[in-house]
Amino acid sequence: MSEHTRIETSETIAQRLAGFVEGLDGAAVPAEVRARARHLILDAVGIALASTQYDFSHRTLAALREFGAGDGDVIGYGAARLPLRDAVMMNGFLIHGLDYDDTHTRGVIHATASCFPAALGVGAETGASGRDLLTAYVAGMEVATRLGSVAKGGFHQTGFHPTGLIGAFACALIAGRLRGMTDRQLGHAQGIVLSMASGSLEFLEDGAWTKRLHPGWAGVAGITAAALARNGFVGPKAAYEGRFGLFPSHLGAHFDPANLAIATDGLDREWEVAQVAVKPLPACHFTHACADAAVALRAAHAIRPEQIAHVRALVPAEVVKTVCEPVQHKKKPQNSYDAQFSIPFAVASAFVHGRFGLAELEPQALADPATLAVAAKVDYEADPRSAFPKYYSGEVIVTMKDGRELSHREHMNRGASDRPLSPADIVAKFRENAAMALAPAHVAHIEEAVLGLDDGISARELSKLLAGRA
């Protein structure tokens, strides 16, 4: 006799999402959505390749290699083949490693960093076509972005990182779809992964590396949960809305049951992939508007750092915990990760250098006296005109030593759905990042393969190419 004999009286969110993912026909995904998905994947691959040039990636790979070799490919590391879950873990780490990966603005989630490694890894193992890989990725992205949107930024207020937390559910569905699981099995997989999903924001206190792990760990959790469900393991049905489901348990006082409808709203009709923002700057998206505002002020008024008396940065109240506190670390970052989550440092770099890119995150830039002097003058205030999380606005008001007060406001960050980077911009970003690791011919080959995912290349062939084995 089954251990579960209760009669289901209504369809749960997990059942709705399972039905959507299991039944999604790739041909029903509009061509422009599939094109956008290919460009998001290309952006992620470029960032992963750039990450291979940094010490944090070498240390993480060394750790994962202690668990043995396998058949899974690691982007940019052709000789380092790992077991499937470890390869997915590493690829998610690489995509998220520079905090340069895409963001779904309303969901406040970096969904590609978990969804693509899961689709690539499981797709390669199961022999999926490139077209099937892409469809599974789109399905996962539609789930992750909607689930993230339910919280309306609330996860950050309770100390959870939605990229890892939500990504696990999307990865369970991606893995299940690519393994041909039924919608019932997919429902159980979501319930199972509820006990595995994680992601703490404690890294914000000292610039620790742990945030980089969250997307890959989401892939590990999702793949594990899918395997358990496929073999008959039973998971709770109300994974999201239940008494101890994801949203009540992780949002606490920030949970509003009225928002649960967002989780399934518009499935098959509205495509959230089109709303995903590609980052023009390698830092937390919450810093971008203020950094761009400072660049604009510097250019418009020929501002020199020594002329600045004081700077006020207006930011959405909901992002203060992430990019403005603790104040001492934001004004004097201890490492690059501190700097990537610092409004004072981003604004100061923009005033001193006229930009905030990877070069401004190198050790010598973090210790630059001129930048730190300006950062010490930057204070923050909650933006009374914020429309967060729809837009990540920012305003910079600088008081000059001669008494002038100058200001510039960015109503939304560059790359947002209402202000998107063009396909040409995304390709240019990919080429710049990939060139840090590969020769031009190899970069061109990858670009052609990713942008042609619907045209014949298999997931296994793509995996080999990205690793450098083809």
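Which cysteine sulfur is closest to the sulfur of Cys 290? That of Cys 324, at 7.7 Å, which is too far for a bond. The close-up views below come from a predicted model.

**View 1. Two cysteines and their closest sulfur partner.** Cys 290 and Cys 324 do not bond, because their sulfur atoms lie 7.7 Å apart. A disulfide needs the two sulfur atoms within 2.5 Å. Cys 284 also has its closest cysteine sulfur in Cys 324. Here the separation is 9.9 Å, again too far for a bond. The count of disulfides comes to zero. Cys 290 is buried, with a relative accessible area of 0%. Cys 284 counts as buried too, at 7% relative accessibility.

**View 2. The largest cavity.** One cavity of 30 Å³ or more is found. The volume of the largest cavity is about 130 Å³. Its lining is made up of 17 residues, and Val 108, His 110, His 156, Cys 284 and Phe 286 are the closest to its centre. Cys 284 thus links this view to the previous one: its sulfur is 9.9 Å from that of Cys 324. By residue type, the lining of the largest cavity holds eight nonpolar, seven polar and two charged residues.

**View 3. His 96 in helix α4.** His 96 belongs to helix α4, which covers residues 84-96. Is His 96 buried or exposed? His 96 is buried, and its relative accessible area is 0%. Leaving out residues up to four places away in sequence, His 96 touches Asp 101, His 110, Ala 113, His 161, Lys 211, Arg 212, Pro 215 and Tyr 337. One of these contacts, His 110, is among the residues closest to the centre of the largest cavity. Another contact of His 96 is Arg 212, which appears again in the next view.

**View 4. The second largest pocket.** This pocket has a volume of about 260 Å³. Its lining counts 15 residues, and those closest to its centre are Tyr 54, Phe 56, Arg 212, Ser 336 and Leu 361. Three elements give two or more residues each to the lining: α3 (55-65), α15 (336-340) and α17 (363-366). Which element gives the most? It is α15, with three residues. The lining of this pocket divides into nine nonpolar, three polar and three charged residues.

**View 5. Strand β3 between two partners.** Strand β3 spans residues 308-315 and runs antiparallel to strand β5, residues 394-400. Six bridges join β3 and β5. Strand β3 also pairs with strand β4, residues 378-382, this time in the parallel sense. Five bridges connect β3 and β4. Follow Arg 312 across the sheet. In β5, its bridge partner is Ile 397. In β4, Arg 312 stands opposite Asp 379. In a regular strand, side chains alternate between the two faces of the sheet.

**View 6. Ala 467 in helix α21.** Helix α21 covers residues 459-467 and includes Ala 467. Ala 467 counts as buried, at 4% relative accessibility. What does Ala 467 contact, apart from neighbours within four places in sequence? The contacts are Asp 73, Val 74, Ile 75, Gly 76, Tyr 77 and Gly 78. Gly 107 is 360 residues away from Ala 467 along the chain, and the C-alpha atoms of the two are separated by 30 Å.

Notes: Residues numbered from 1 in each chain as written. Predicted model: local features only at pLDDT ≥ 70, side-chain atom pairs only at ≥ 80, totals over all residues. Heavy atoms only, no water. Pairing = 2+ DSSP bridges. Helix = DSSP H or I, 4+ residues; strand = E, 2+ residues; numbered from the N terminus. Buried < 20%, exposed > 50% of the residue type's maximum accessible area, 1.4 Å probe, protein only. Contact = heavy atoms within 4.5 Å. 1 Å grid on protein atoms, 1.4 Å probe; cavity = no way out; pocket = protein on both sides within 12 Å on 5 of 7 lines; lining within 4 Å. Points joined across faces, edges and corners; volume = space filled by probe spheres on them. Nonpolar A, V, L, I, M, F, W, Y, C, P; charged D, E, K, R; others polar.
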